[in-house]
Amino acid sequence: MDEVFKALADHSRRQLLDSLNARNGQTLRELCSGLDMARQSVSKHLAVLEAANLVTAVRRGREKLHYLNAEPINAIADRWISHYDRERVRALADLKQALEASPVNSAFVYTTYINTTPEKLWQGLTDPAFTRRYWGVEFEADWKPGSTMTWVERGTKTSHPDQVVLESDPYRRLSYTWHTFTPDWAKTAGVSEEALAELAAEQRSKVTFEIEPAGAMTKLTVVHDGFERESTLREMIQHGWPALLSSLKTLLETGEPLPDPDHQDS
């Protein structure tokens, strides 16, 4: 927490966060061109923001893209909000809102650190005995690249030839396409006919989980991308993923998930 407050105390670093809030997923060159700062200064400030987990860097080929990460603000806002005067509370709330906001067609990127092993985290992402507890979803899959997946949620099965595993490197990286939106799924999930029509008209997105050892912890970065502009799904998962990942973290660290897994949007 000290690292977060230290990172936020600097005006230049807040400028970088503002720049990413306006357009998420920028390279170092793009960030430098939009700010009156030398490349070396921007690199140093980004390193502080990354160390505080306020910014997540994701490699895409030869490029390194930088994204806002709302996890640390989500983690401290409720716990510490009563310890600060009204102005500090307002500033923290505004920052939390800014970090959770994203351009309508950008990838959703979220990084958290979990007190577990990569092996246990992989199990938490793939084993139905775990996923049903914090997600309310079970996957019928052999987790081999190219294999189809069946999603079982609230007693409803969703299958489609394009619902597939894209990458599967145990304990390091997992990627798959998102599920198909069917009338049966919408009915059990409480999604309106209008929203279902919007979701069904969108191109299929994908989610990627990157797992890295981090000392006694394990770093998990979730990248959900492939959205169209003005995506209805992008808006839905914006709030669903943080709650879902908090419940996964709690389950792996305490043995019990957060209450009510059925509140997820996905």
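Modeller: Two strands count as paired if DSSP finds at least two bridges between them, and that is the test to apply to this predicted model.

Biologist: What makes β5 and β6 a pair of strands?

Modeller: Five bridges join strand β5 (residues 148-153) to strand β6 (residues 156-169), in the antiparallel sense, and because at least two are required, the two strands are paired. Among the bridge partners, Glu 153 is matched with Thr 156 in β6, and Thr 148 stands opposite Val 164 in β6. The two strands form a hairpin with two residues between them, and Arg 154 in the turn has a positive phi of about 55 degrees.

Biologist: How do you know that β5 also pairs with β4?

Modeller: The same test applies, in that at least two bridges are needed, and four bridges join β4 to β5, which run antiparallel. One of the matches is between Glu 140 and its bridge partner in β5, Thr 150.

Biologist: Why is Trp 151 called buried?

Modeller: Trp 151, which is found in strand β5, has a relative accessibility of 1%, and since buried means under 20%, Trp 151 counts as buried. Its strand is mostly covered, with five of the six residues of β5 buried. Trp 151 also lies 7.1 Å from His 179, C-alpha to C-alpha, although 28 residues separate the two in sequence.

Biologist: What makes β3 and β4 edge strands?

Modeller: Each of them, β3 (108-114) and β4 (137-140), pairs on one side only, in an open sheet of seven strands with the order β3-β9-β8-β7-β6-β5-β4 and antiparallel pairing. Helix α11 (residues 232-254) lies across β3, β8 and β9, running at about 10 degrees to β3.

Biologist: Turning to another element, how do you know that the length of helix α2 agrees with its number of residues?

Modeller: At 1.5 Å a residue, the 12 residues of α2 (residues 11-22) should span 16 Å, and the end C-alpha atoms are 16 Å apart, which agrees. At the N-terminal end of α2, Asp 10 acts as the cap, with a side-chain oxygen 2.8 Å from the backbone nitrogen of Ser 12.

Biologist: Why are the buried residues of α2 said to line one face?

Modeller: The buried residues of α2 are Arg 13, Leu 16, Leu 17, Ser 19 and Leu 20. Seen down the helix axis, these buried residues fall within an arc of 155 degrees, so they line one face of α2. The face turned away from that buried side carries the exposed residues His 11, Asp 18 and Ala 22.

Conventions
Residues are numbered from 1 along each chain as its sequence is written. This is a predicted model: local features need pLDDT of at least 70, side-chain atom pairs count only at pLDDT 80 or more; totals for chains, interfaces and linings use all residues. Side-chain values use heavy atoms; hydrogens and water are left out. The expected span of a helix is 1.5 Å times one less than its number of residues. Buried means under 20% relative accessible area, exposed over 50%, partly exposed in between (1.4 Å probe, protein chains only). The arc is that of the directions from the helix axis to the C-beta atoms. A polar contact is a pair of N or O atoms within 3.5 Å; within protein, one must be able to donate a hydrogen and the other to accept it, and residues adjacent in sequence count only if both atoms are side-chain atoms. Contact means heavy atoms within 4.5 Å. Axes are lines fitted to C-alpha atoms, for helices over the stretch in contact, and angles run from 0 to 180 degrees between N-to-C directions.
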